[in-house]
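Student: I'm new to this one. Please pick a single part and take me through it closely, explaining the terms as you go.

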Amino acid sequence: MEKIKDFARKNFIPIVRDETAKYLKKCCQDLMPDKILEIGTAIGYSGILMLRACNGNLWTIEKDVERFNMACENFKFYNLENRVQVFNDDALNVLNKLAEKGEKFEFIFLDGAKGQYIKYFPIIKNLLKKDGLLFADNVLMGGLVENFSKVTHKKRAMVRHMIEFNNLVMNDEDFVSELIKIDDGFMIAKKIK
Ligand SMILES: C[S@@+](CC[C@H](N)C(=O)[O-])C[C@H]1O[C@@H](n2cnc3c(N)ncnc32)[C@H](O)[C@@H]1O
């Protein structure tokens with residue numbers, strides 16, 4: 001895993017940070033999900049971490065073809081290829097297809113395009129089983145979410161979308177949520193209804 005982490009760092013591929021990774025692993029160990037959905041595979045680092053923490057299977061989505069190929073190789077290297085389906089597509093397409101099929105997941109790790117979380121949320125909510133967990137990373141966006149006045153014009157829409165996402169989840173009566181201010185901030189939301 002250190003090798004994958006090193007490769008990611010050297011090639012500017014964003015992967016889950018260390019403290020967040022500990023929580024992610026703990027969630028999988030405690031929940032023991034049969035089915036995990038991940039939005040944003042990158043090169044498979046968090047996927048491998050989650051799969052090794054439980055006995056379940058993973059559905060994971062990555063639109064970048066180079067990262068997708070590397071993720072497939074990395075899953076194979078860890079003998080996990082039989083427990084994972086990697087989709088090389090836009091997340092919204094795959095999410096809609098999974099919803100059409102009536103798929104349900106016990107654990108969803110949301111780690112794709114930050115400005116899209118708000119768009120994904122209604123679909124994700126539908127894909128998550130009752131008592132399932134949504135784990136959304138980078139919800140504080142390097143402090144920008146809490147300092148909106150300092151956000152440059154270019155990033156405003158993206159940060160506004162994340163603020164809307166955070167409020168939507170926190171105020172959704174079907175969820176009990178907590179925003180954890182560690183690393184880049186992550187939201188853990190349990191679907192209670
Ligand atoms: C933060 S990285 C994922 C890191 C990975 N979860 C880990 O911790 O090892 C986000 C990934 O989402 C992918 N991505 C961005 N927009 C996407 C989209 N619309 N559909 C699918 N993947 C997307 C990016 O190419 C990137 O590799």
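Tutor: A crossing is called left-handed if the near helix is turned anticlockwise from the far one by less than a right angle, and right-handed if clockwise. Helix 5 passes helix 6 in just such a left-handed crossing. Helices here are DSSP runs (H or I, at least four residues), numbered from the N terminus. Bear in mind that this is a predicted model, where local features need pLDDT of at least 70, side-chain atom pairs count only at pLDDT 80 or more, and totals for chains, interfaces and linings use all residues. Numbering starts from 1 along each chain as its sequence is written.

Helix 5 covers residues 91-100, and its axis sits 10 Å from that of helix 6, at about 30 degrees (axes are lines fitted to C-alpha atoms over the stretch in contact, with angles from 0 to 180 degrees between N-to-C directions). Therefore helix 5 is roughly parallel to helix 6, a label for angles under 35 degrees. From helix 5, Ala91, Leu92, Leu95, Asn96, Leu98 and Ala99 meet Lys119, Tyr120, Ile123, Asn126 and Leu127 of helix 6; contact means C-beta atoms, placed from the backbone, within 7 Å. Eight of these residues are nonpolar, two polar and one charged (Ala, Val, Leu, Ile, Met, Phe, Trp, Tyr, Cys and Pro are nonpolar, Asp, Glu, Lys and Arg charged, the others, Gly among them, polar).

Now follow helix 6 (residues 117-127) to helix 7 (residues 156-170): they pack at about 30 degrees, axes 8 Å apart, so helix 6 is roughly parallel to helix 7 too. Here Tyr117, Ile118 and Phe121 of helix 6 touch helix 7 residues including His161, Phe165 and Leu168. This contact counts seven nonpolar residues, one polar and one charged.

Definitions and conventions: Helix = DSSP H or I, 4+ residues; strand = E, 2+ residues; numbered from the N terminus. Parallel < 35°, antiparallel > 145°, perpendicular 65-115°, else oblique. Contact = placed C-beta atoms within 7 Å.
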